[in-house]
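This report describes how the helices and strands of one chain are arranged with respect to each other. The sequence and the model are shown first, and the description follows.

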Amino acid sequence: MDTGPTLDAWLAAARAELATCSDSPDVEARRLVEDLLDLTTSGLILAGPRALEPDQVHRLDTALARRLAGEPLAYVTGRVGFRNLELHVTPAVLIPRPDTEALVDTTLACLAPLAEQHVADLGTGSGAIALALAQERPAWQLVATDASAAALAVARSNGQRQGLANISFRIGGWFEALSGEAGFDAIVSNPPYIADGDPHLPALTAEPSSALISPQDGMADLHHLIDTAIPYLAPSGWLVLEHGYDQAERVRRRLAERGYRHIDTAHDLGGQPRVSYGQRPSTI
């Protein structure tokens, strides 16, 4: 029976090719193998000297070609890690990034950990934020919404994989999905906040532009959330928003103009101002 190269040989060749388009070719080559062949790190080491079967070579070569053509690794493998979760992702959703962990951390800090809290994640995409909160705070009740049926299907699938019972999924744009419901202890969102024409956009062409680009220099959706959230929040509820590294001052100013209290900004893992938040106005 025909056999292919050893796994070690395939990895070496893949590393050399990935070096032309990746800053971490070794990591990416290993991720391709581990995810597509369902191997652990130790399993990859043990399998290294073994010859690959033809169907394995075909799967790996096909995936490598997609990555070399510029497709993000997470879409190629269909997997990405976020906090303690392994999530399924497709081109229907943004790829969750470590910077967004600041949004989760800020929400955790705003609310009591053991008490039941009612939290909405608007524009949930893959479900990363809502699922992380639901996993880390089992007493909380999460509502995850998205205007995209395709994105919501990804989020719901991720929720089913995690087996979390304290989260529900709803279709609808921004507050439409809440159907007039009020009393949320927190409303959180990572909305589109990149301006059309931003120089970072060419590197993001594989991801859905509707989840990236916002009018008014990237501020339109942030302003809409700030302006509209107040009646949906509990009297002491928080609005917690991710934004661009250069938008914190503008977000805080809008929060202040609308009467939010205890306004502040949290920084991401790279030290950039990434999440601004405020508590519902005392009078509305």
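## Parallel strands and a crossover

In this predicted model, Asp 121 has Ala 144 of strand 4 as its bridge partner. The pairing of strand 3 (residues 118–122) with strand 4 is parallel and rests on 5 bridges.

Strand 4 (residues 141–146) also pairs in the parallel sense with strand 5 (residues 167–171), again over 5 bridges, and within this pairing Leu 142 stands opposite Ile 167 of strand 5. Between strand 4 and strand 5 the chain passes through helix 8 (residues 149–162), and the resulting β-α-β crossover is right-handed.

## The sheet as a whole

These pairings belong to an open sheet of 7 strands, arranged in the order 5-4-3-6-7-9-8, in which the pairing is mixed. Strand 5 and strand 8 (261–267) stand at the edges, and because each has a single partner strand, one side of each is left without a neighbour in the sheet. From one strand to the next, the twist averages 15°.

## Helices lying across the sheet

Helix 6 (residues 101–110) lies across strand 6 (184–189), strand 7 (233–242), strand 8 and strand 9 (273–279), and its direction makes an angle of about 160° with strand 7. Helix 10 (residues 248–257) lies across strand 7, strand 8 and strand 9, where it runs at about 5° to strand 9.

## Helix 1 and its two partners

Helix 1 (residues 7–18) packs against helix 2 (residues 25–36) at an angle of about 135°, with the two axes 8 Å apart, which means that helix 1 is oblique to helix 2. The crossing of these two helices is right-handed. On the side of helix 1 the contact is made by Leu 7, Trp 10, Leu 11, Ala 14, Arg 15 and Leu 18, and on the side of helix 2 by Pro 25, Asp 26, Glu 28, Ala 29, Arg 30, Leu 32 and Val 33. By residue class, this contact comprises 9 nonpolar and 4 charged residues, with no polar ones.

Helix 1 also packs against helix 4 (residues 54–68), here at an angle of about 10° and with the axes 11 Å apart; because angles under 35 degrees count as roughly parallel, helix 1 is described as roughly parallel to helix 4. In this contact Trp 10, Ala 14, Glu 17 and Leu 18 of helix 1 meet Leu 60, Asp 61, Leu 64, Arg 67 and Leu 68 of helix 4, and the residues divide into 6 nonpolar, no polar and 3 charged. Trp 10, Ala 14 and Leu 18 thus appear in the contact with helix 2 and also in the contact with helix 4.

Methods:
Residues are numbered from 1 along each chain as its sequence is written. This is a predicted model: local features need pLDDT of at least 70, side-chain atom pairs count only at pLDDT 80 or more; totals for chains, interfaces and linings use all residues. Side-chain values use heavy atoms; hydrogens and water are left out. Axes are lines fitted to C-alpha atoms, for helices over the stretch in contact, and angles run from 0 to 180 degrees between N-to-C directions. Helices (H or I, at least four residues) and strands (E, at least two) are DSSP runs, numbered from the N terminus. Angles under 35 degrees count as roughly parallel, over 145 as roughly antiparallel, 65 to 115 as roughly perpendicular and the rest as oblique. A crossing is left-handed if the near helix is turned anticlockwise from the far one by less than a right angle, and right-handed if clockwise. Contact means heavy atoms within 4.5 Å. Ala, Val, Leu, Ile, Met, Phe, Trp, Tyr, Cys and Pro count as nonpolar, Asp, Glu, Lys and Arg as charged, and the others, Gly among them, as polar. Two strands pair if DSSP finds at least two bridges between them. A crossover is right-handed if, with the strands pointing away from the viewer, the path from the first strand over the helix to the second runs clockwise.
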